[in-house]
Amino acid sequence: ITSIRSYAETLKDDPNMPADTRGRFLDVIVNESDRMTNIVQDLLTLSKFDAGSFDFTFEMFSFEKSVRDVYNATLIEARNHSHEFTLEFSTPVPEIRGDRARVEQVLINMVSNAIKYTKNGGVIRMTAGAKDGLVWCTVKDNGIGIPKEDVEKIFDRFYRVDKARSRESGGTGLGLSIAKEIAVRHGGNITVQSSLGHGTAITVTLPVGGPADA
């Protein structure tokens, strides 16, 4: 909000500002407005979780197809950063009971973070499978990683590994908090393994039958 106000006041006070400078200022205002909108939307989602008023639509759907769809949806973005991005299924994957849109939201967040926090030309592996009544999907990268003392904070609200880069890319620091809530509400979990400078692996695990109260 401070940035938006500062740039808007400068535009207002300098009617003779060069057109290219004015354009850059307006771009900042638009980008910051979009970022604030994302934050408000994410906070609204979390407040609904806290209040127990967030509605899920549980039904049977193909977890394998969802993983493939997310991979295909994010492939171009990965290639735009010259990443090597692959998908592999280690076992056949059954259908699961859950909210497909929300599960895919979790998967997209996992992949988006890998793309965001891996330097151009990196390697991102997406793998999935099933075992003992559970399905899982792991997204592993060779990106910047997370300091050991911060690994457990990754799901805290507003936590960001690289604040400057997250701000530049429009990150709110709430995506993984929401992903964790979604996974838990499905009776599952989401975990992370990371080493600073050596990349991160994040895994979501979900019960095939969904939560007991679905």
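1. A good place to start is the middle of the protein. In this predicted model, the largest nonpolar core holds 42 residues, and the ones with the most contacts inside it are Phe63, Leu107, Met126, Ile190 and Val204. Helix H4 supplies the largest share of this core, with 7 residues. If you have the structure open, you might colour those five residues before reading on.

2. Now for the overall layout. The chain has 6 helices and 7 strands. Read from the N terminus, these elements follow the order α-α-β-α-β-β-α-β-β-α-α-β-β. Of the 214 residues in the chain, 42% are buried. Taking the contacts between residues at least 6 apart in sequence, 69% of them join residues at least 24 apart.

3. Met126 deserves a closer look, as one of the residues with the most contacts inside the core. Which residues does methionine 126 contact, leaving aside its neighbours within four places in sequence? The list is Val67, Val70, Tyr71, Phe85, Thr86, Leu87, Glu88, Val111, Cys137, Thr138 and Val139.

4. Helices H3 and H4 make a packed pair. Their axes come within 10 Å and cross at roughly 35 degrees, and the crossing is right-handed. On the H3 side the contact uses Phe63, Lys65, Ser66, Val67, Asp69, Val70, Thr74, Glu77 and Ala78, and these meet Arg100, Val103, Glu104, Leu107, Ile108, Val111 and Ile115 of H4. Sorted by class, the contact of H3 with H4 has 9 nonpolar, 2 polar and 5 charged residues. Phe63 and Leu107, both named above for their contacts in the core, take part in this helix contact too.

5. Thr74 is a nice residue to inspect within that contact. It is found in helix H3. Is threonine 74 buried or exposed? With a relative accessible area of 7%, threonine 74 is buried. Not counting residues up to four places away in sequence, threonine 74 touches Phe85, Val111 and Ile115. Val111 and Ile115 belong to the H4 side of the contact with H3.

6. H4 has a second helix partner, H6. The axes of H4 (residues 100-116) and H6 (residues 175-185) come within 9 Å and cross at roughly 145 degrees, and H4 passes H6 in a left-handed crossing. Arg102, Val103, Gln105, Val106, Asn109 and Asn113 of H4 make the contact with Gly175, Leu176, Ile178, Ala179 and Ile182 of H6. By class, this contact has 6 nonpolar, 4 polar and 1 charged residues. Val103 appears here and also in the contact of H4 with H3.

7. Staying with H6, its buried residues are Leu176, Ser177, Ile178, Ala179, Glu181, Ile182 and Ala183. Among them, Leu176, Ile178, Ala179 and Ile182 also contact H4. Just after H6, glycine 187 takes a positive phi of about 80 degrees.

8. Two other residues with positive phi are worth checking. Most residues other than glycine have a negative phi. Serine 82 nevertheless has a positive phi of about 60 degrees; it is found in the loop between helix H3 (63-80) and strand S2 (84-89). At 52% relative accessibility, serine 82 counts as exposed. Aspartate 132 has a positive phi near 55 degrees and is placed in the loop between strand S4 (123-131) and strand S5 (134-141). At 71% relative accessibility, aspartate 132 counts as exposed.

9. Glycine 129, in strand S4, is buried, with 0% relative accessibility. How far apart in space are glycine 129 and valine 93, C-alpha to C-alpha? They are 5.6 Å apart, although 36 residues separate them in sequence. Beyond its neighbours within four places in sequence, glycine 129 is in contact with Ser90, Thr91, Val93, Leu134, Val135 and Trp136.

10. Finally, the aromatic rings. The model has 3 aromatic pairs. One of them joins tyrosine 7 and phenylalanine 25 edge-to-face, at 4.8 Å centre to centre and with 85 degrees between the planes. Tyrosine 7 lies in helix H1 (residues 2-13) and phenylalanine 25 in helix H2 (residues 19-51), so this pair ties together parts that are 18 residues apart in sequence. Tyrosine 7 is partly exposed, with a relative accessible area of 28%, whereas phenylalanine 25 is buried at 18%.

Notes
Residues numbered from 1 in each chain as written. Predicted model: local features only at pLDDT ≥ 70, side-chain atom pairs only at ≥ 80, totals over all residues. Heavy atoms only, no water. Phe/Tyr/Trp six-rings, centres within 6.5 Å; stacked < 30°, edge-to-face > 60°. Helix = DSSP H or I, 4+ residues; strand = E, 2+ residues; numbered from the N terminus. Buried < 20%, exposed > 50% of the residue type's maximum accessible area, 1.4 Å probe, protein only. Axes fitted to C-alpha atoms, helices over the stretch in contact; angles between N-to-C directions. Left-handed = near helix turned anticlockwise from the far one by under 90°. Contact = heavy atoms within 4.5 Å. Nonpolar A, V, L, I, M, F, W, Y, C, P; charged D, E, K, R; others polar. Core = buried A, V, L, I, M, F, W, Y, C linked by side-chain atoms within 4.5 Å.
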